[in-house]
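Visitor: Got a minute to go over a model with me? I'd like to talk charges first, then surface.
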Amino acid sequence: MDYEKFGSLGEMFVQQAQTTPTKLAVVSADGRQMTFEELDKASDIVAANLRIKGVKPDSIVAIYMERCLEYVISY
């Protein structure tokens, strides 16, 4: 399979969020749900906060938390 034609995971997510913003993107074990649009906005907030804290583009940031909706947003 030629994965390069799909782009990065981030690029694929943005494309999906633009194509199907109101579709369900994630459901947590406790039943909380987010659409692609909601997930995109929430992840943008996390990214903005990381930039404010000094994280530069293409940096690696570890995620250490239980599996939950916030993990998906952070990832």
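**Charged pairs and a surface patch**

Guide: Let's start with Lys41. Lys41 counts as exposed, at 52% relative accessibility. Keep in mind that this is a predicted model.

Visitor: Fine. Which residue does Lys41 form a salt bridge with?

Guide: Glu37. The closest N and O atoms are 3.8 Å apart, and the cut-off for a salt bridge is within 4 Å.

Visitor: Where do Lys41 and Glu37 lie?

Guide: Both are in helix 2, residues 36-52. They sit four residues apart, about one turn of the helix.

Visitor: And Glu37, how accessible?

Guide: Glu37 is partly exposed, at 37% relative accessibility.

Visitor: Which residues do salt bridges join into one network?

Guide: Asp30, Arg32 and Glu70, through salt bridges that share partners.

Visitor: Break that down. What is the N to O distance for Asp30 and Arg32?

Guide: Their side chains meet at 3.3 Å, N to O. Asp30 is exposed, with a relative accessible area of 55%. Arg32 is partly exposed, at 34%.

Visitor: And for Glu70 and Arg32?

Guide: That salt bridge has an N to O distance of 2.9 Å. The pair links distant parts of the chain, 38 residues apart.

Visitor: Which elements are they in?

Guide: Glu70 is in helix 3, residues 69-74. Arg32 is in the loop between strand 1 (24-27) and strand 2 (33-35).

Visitor: Is Glu70 buried, exposed or partly exposed, and why?

Guide: Partly exposed, because its relative accessible area is 33%, and the partly exposed class runs between 20% and 50%.

Visitor: How many salt bridges does the structure hold?

Guide: Three.

Visitor: New topic. Which residues form the nonpolar patch on the surface?

Guide: Phe6, Leu9, Met12, Ile63, Met65 and Tyr75. Together they have about 580 Å² of accessible area.

Visitor: Pick Leu9. Where does Leu9 lie?

Guide: Leu9 is in helix 1, which covers residues 9-19.

Visitor: Why does Leu9 count as exposed?

Guide: Because Leu9 has 53% relative accessibility, and exposed means over 50%.

Visitor: Quick recap for my notes?

Guide: Lys41 and Glu37 pair within helix 2. Asp30, Arg32 and Glu70 form one network. Leu9 is one of the residues in the nonpolar patch.

Key:
Residues are numbered from 1 along each chain as its sequence is written. This is a predicted model: local features need pLDDT of at least 70, side-chain atom pairs count only at pLDDT 80 or more; totals for chains, interfaces and linings use all residues. Side-chain values use heavy atoms; hydrogens and water are left out. Buried means under 20% relative accessible area, exposed over 50%, partly exposed in between (1.4 Å probe, protein chains only). Helices (H or I, at least four residues) and strands (E, at least two) are DSSP runs, numbered from the N terminus. Patches are made of residues with over 30% relative accessible area and no salt bridge: like charges are joined within 9 Å, nonpolar side chains (Val, Leu, Ile, Met, Phe, Trp, Tyr) within 5 Å. Accessible areas come from the Shrake-Rupley method with a 1.4 Å probe; for residues, only the protein chains shown count as cover.
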